[in-house]
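Visitor: I would like to look closely at a single part of this model rather than hurry over the whole of it. Please choose one part, take me through it slowly, and then show me how it sits among its surroundings.

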Amino acid sequence: MGNVLDLNSSIEKESQFIDIPEGEYDAVIDHVENDVCQWNNEYNGNPMISVYVNIETPEGEGQLRDNIVLNSDFEWKLSQLFLGTGQKRKGQPLPNLGRAIQELPGTRVRVKVVKREGKGEKAGTFYSNIGSYIEKKANAPAAGWSGGF
């Protein structure tokens with residue numbers, strides 16, 4: 001959350017968004033929103049979660065959103081997320097998806113940021129996206145994790 005601006009102070013920030021360079025970052029899941037997929041494809045109408053991830057960069061804190069459709073075709077992405085937060089162990093099932101989603105806010109995770117080109121009229125513009133969640137080591141505690149790679 002930002003700070004209250006003093007009417008006598010100067011302002012400098014010209015964009016709401018911070019360009020996050022490609023690479024691996026420690027991050028914190030800020031919040032998760034339940035949504036419905038409105039993509040123009042076979043997943044339209046499926047439930048979806050939007051995971052908002054805060055990433056600290058030298059330019060300041062940036063936030064990326066990762067939309068994950070709650071469909072068996074995206075189970076791999078959900079597993080990757082929960083392996084990254086330490087809520088799931090490799091080779092073992094995640095016992096309760098709903099509870100795991102509710103526990104995401106405030107969880108530390110390591111992410112790989114990639115650049116993807118926009119489509120249609122946004123072609124030629126590149127956007128920062130979460131390419132993957134990096135699996136947390138089994139000996140790293142789920143809460144208060146600070147790396148553990």
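Guide: Let us begin at G86, which comes just after helix α1 and takes a positive phi of about 85°. Please keep in mind from here on that this is a predicted model, and that the helix ending just before this glycine will be our main subject.

Helix α1 spans residues 75–85, and it is mostly covered, with eight of its eleven residues counted as buried. The buried ones are K77, L78, Q80, L81, F82, L83, G84 and T85, a list in which a lysine and a glutamine stand beside leucines and a phenylalanine. As you look along the helix, it helps to remember that an α-helix has 3.6 residues a turn, so residues three or four places apart point the same way. The buried residues of α1 pack against the strands β1, β2, β3, β4 and β5, and against the helix α2 as well.

To place those partners, notice that the protein chain has two helices and five strands, and that from the N terminus on they follow the order β-β-β-α-α-β-β. Contacts between residues far apart in sequence are a sizeable part of the picture, since among the contacts in the chain with a separation of 6 or more, 51% join residues 24 or more positions apart.

Now take one residue of helix α1, F82. F82 counts as buried because its relative accessible area is 1%, while the cut-off for that word is under 20%. Leaving aside residues up to four places away in sequence, F82 touches Q87, K88, L94, L97, A100, I101 and L104. Among these contacts, L97, A100 and I101 fall within the span 97–102 that belongs to α2. For A100 we can add a distance, as F82 and A100 are 18 residues apart in sequence while their C-alpha atoms are 7.8 Å apart in space.

Another residue of the helix, L81, takes us to the largest nonpolar core, which has 26 residues. L81 is one of the six members that touch the most other members, together with V51, V53, I55, V111 and Y133. Two or more residues of this core come from each of β1, β2, β3, α1, α2, β4 and β5, and β2 gives the most, with five residues. From the side of V51, the same meeting with the helix can be seen, for V51 touches L81 and Y133, and also I29, H31, V32, L64, R65, D66 and I68, not counting residues up to four places away in sequence.

Beyond the end of the helix, the loop between α1 and α2 holds K90, which offers a contrast with F82. K90 counts as exposed because its relative accessibility is 60%, where exposed means over 50%. Apart from residues up to four places away in sequence, K90 touches L83 and E135, and L83 is one of the buried residues of the helix. The C-alpha atoms of K90 and Q80, which are ten residues apart along the chain, are separated by 9.5 Å.

The helix also has a part in the largest pocket, a space of about 1700 Å³. This pocket is lined by 39 residues, of which F17, Q63, L64, R65 and S128 are the closest to its centre. Helix α1 is among the elements that give two or more residues to the lining, the others being β2, β3, β4 and β5. The largest share comes from β3, with eight residues. Sorted by class, the lining contains 15 nonpolar, twelve polar and twelve charged residues, so that you should expect a mixture of side chains when you look into it.

To finish, step back to the chain as a whole, in which 35% of the 149 residues count as buried. The chain exposes about 9900 Å², of which 47% is supplied by carbon and sulfur atoms. Set beside that share of buried residues, the eight buried residues among the eleven of α1 are a good thing to look for once more in the model, beginning again from G86 just after the helix.

Methods
Residues numbered from 1 in each chain as written. Predicted model: local features only at pLDDT ≥ 70, side-chain atom pairs only at ≥ 80, totals over all residues. Heavy atoms only, no water. 1 Å grid on protein atoms, 1.4 Å probe; cavity = no way out; pocket = protein on both sides within 12 Å on 5 of 7 lines; lining within 4 Å. Points joined across faces, edges and corners; volume = space filled by probe spheres on them. Helix = DSSP H or I, 4+ residues; strand = E, 2+ residues; numbered from the N terminus. Buried < 20%, exposed > 50% of the residue type's maximum accessible area, 1.4 Å probe, protein only. Contact = heavy atoms within 4.5 Å. Areas by Shrake-Rupley, 256 points an atom, 1.4 Å probe, with all protein chains shown as cover. Core = buried A, V, L, I, M, F, W, Y, C linked by side-chain atoms within 4.5 Å.
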